[in-house]
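I opened a fresh page for this one. Here is what I looked up, one entry at a time.

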Amino acid sequence: MVAVSSPTIEGGRPTRENPNSRAGRQPPRAGRRSLVRLLPIAPSIVLLALFMVGPVVWAVVVSFTDTALTGRSAREPQWVGLDNYLDLITDRDFPLSLLLTVVFVLGSAVIGQNLVGLGLALLMAKANRGVRAVVGTTVVTAWVLPEIVAAFAAYAYFADDGTLNQLLGAVGIDGANWLYDFPMLAVILANVWRGTAFSMLVYEAALNDVPPEISEAAIVDGAGGAKRLWWVTLPMIRPSIATNLMLITLQTLAVFTLIWVMTKGGPGMASSTLPVFAYQEAFKFQQIGYGSAIAVVMIVVGAIFSIAYIRMLRPERRT
C-alpha cells in the first residue's frame, strides 16, 4: 500500500506546497553553480577590465589634471577640475576637429561602408560563383591588410604623383593634389575602401537568413525588385543594419593611423579628426591631461551614436 501525503490544510482549504519555494530554499547551491559557469570566461573578463575599462577610467581621471610628458606636471600633476574641458570650449581648433570627425564618420561609415557593403552583398547574392569569388577576394583583401600597410597604399594612390593621377594623366586629365586640396575626401574614400568588407560580410549573412518564401510571396503580389528591397528585405535585416552601423561607427571614430599616414591631420587642421587632435595635443605639445579630455569627448560622441543605434534595435510598437 502506497502512502500518499495529504495536502496541508490552511483556513479549511487544502493547499499544495509551492514547488518554487523548494528551489528558493537553496540559494547557496545556485550561487555556486553560477560561479562555476563564470570560471571559463573569467580570464576574458579580467583582460577586458585590464585593457579596456582600465585605460578608459585612467583617461577620465587624467583629464581632470594637468599631467604632462615633461616638467613639474609630469612629476607632480595637479588636480585642475574642469579646466581642460573649459579650455576645449574656447579652443578654436576643437569645434573644427569635432565637425571633421562627424563628417568622417558619416561619410566613410554610415554612408560609405554601410551602403557600399549592402550593395556588394546584394550583388553577391545574385551573381554567379566566379563573380562572387573575384569581388569577395578583392574587397576582403583590403580589409585583412594591416592598417599601416593599407594606409601607405592609400597614400601612394592619392599622392600628387600617385596611381590615381597617373591613371587620369593616361586619359588626358590633369589630376588634383588630392591630399592637399581635398584631404577629407581622400581619407574618407580610403577608409571606405579599407572597411567595406566588414559590412559586406555582415549583410551577406543577414540576407542568407531572409526566408525565400517571403520574397516569393512579394513577387506574386506584384512587387518589383526595389519595392521588395525596401518593404521586405530591409525591414527583416533591420537588427543587422543597426548592429553593423554601431560597430563600423565606433571603429571609424577611432581611426588614427590611416589619417596620420596620409595627411598627418593637414594641411593645417583640414583633416584633423578628434583622434589626431588628441594625439597632437598629448604627444606633440606634451599636454597629456588636455589630450585625455579630448579622448573623453570621443567616448561621449561614440556613446551618442551607440544610443541611437540601440534604439533602432528596439522592436517597433504595434498600435
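**Entry 1: helix α8**

I began with helix α8, residues 147-158, which has 12 residues and reaches 16 Å from its first C-alpha to its last. That is close to the 16 Å expected at 1.5 Å a residue. A reminder to myself: this is a predicted model.

Next I asked which residues of α8 are buried. I found Ala150, Ala151, Ala154 and Phe158. Looking down the axis of α8, I saw that its buried residues fall within an arc of 100 degrees, so they line one face of the helix.

What covers those buried residues of α8? My list includes α9 (163-170), α10 (178-181), α11 (183-208) and α15 (257-262).

**Entry 2: a nonpolar patch**

I then turned to the surface and found a nonpolar patch of about 960 Å². Its makers are Leu47, Leu48, Leu50, Phe51, Met52, Val53, Val57, Val61 and Trp79.

I picked out Phe51, which lies in helix α3, residues 42-62. Is Phe51 buried or exposed? Its relative accessibility is 59%, and the cut-off for exposed is over 50%, so Phe51 counts as exposed.

**Entry 3: the whole protein**

Stepping back, I noted 17 helices and 2 strands in the protein. Of its 319 residues, 35% count as buried.

I also looked up the contacts with a separation of 6 or more: residues 24 or more positions apart account for 69% of them.

Last came the exposed area of the protein, about 19900 Å², with carbon and sulfur atoms supplying 65% of it.

Technical notes: Residues are numbered from 1 along each chain as its sequence is written. This is a predicted model: local features need pLDDT of at least 70, side-chain atom pairs count only at pLDDT 80 or more; totals for chains, interfaces and linings use all residues. Side-chain values use heavy atoms; hydrogens and water are left out. Helices (H or I, at least four residues) and strands (E, at least two) are DSSP runs, numbered from the N terminus. The expected span of a helix is 1.5 Å times one less than its number of residues. Buried means under 20% relative accessible area, exposed over 50%, partly exposed in between (1.4 Å probe, protein chains only). The arc is that of the directions from the helix axis to the C-beta atoms. Contact means heavy atoms within 4.5 Å. Patches are made of residues with over 30% relative accessible area and no salt bridge: like charges are joined within 9 Å, nonpolar side chains (Val, Leu, Ile, Met, Phe, Trp, Tyr) within 5 Å. Accessible areas come from the Shrake-Rupley method with a 1.4 Å probe; for residues, only the protein chains shown count as cover. A salt bridge is a side-chain nitrogen of Lys or Arg within 4 Å of a carboxyl oxygen of Asp or Glu.
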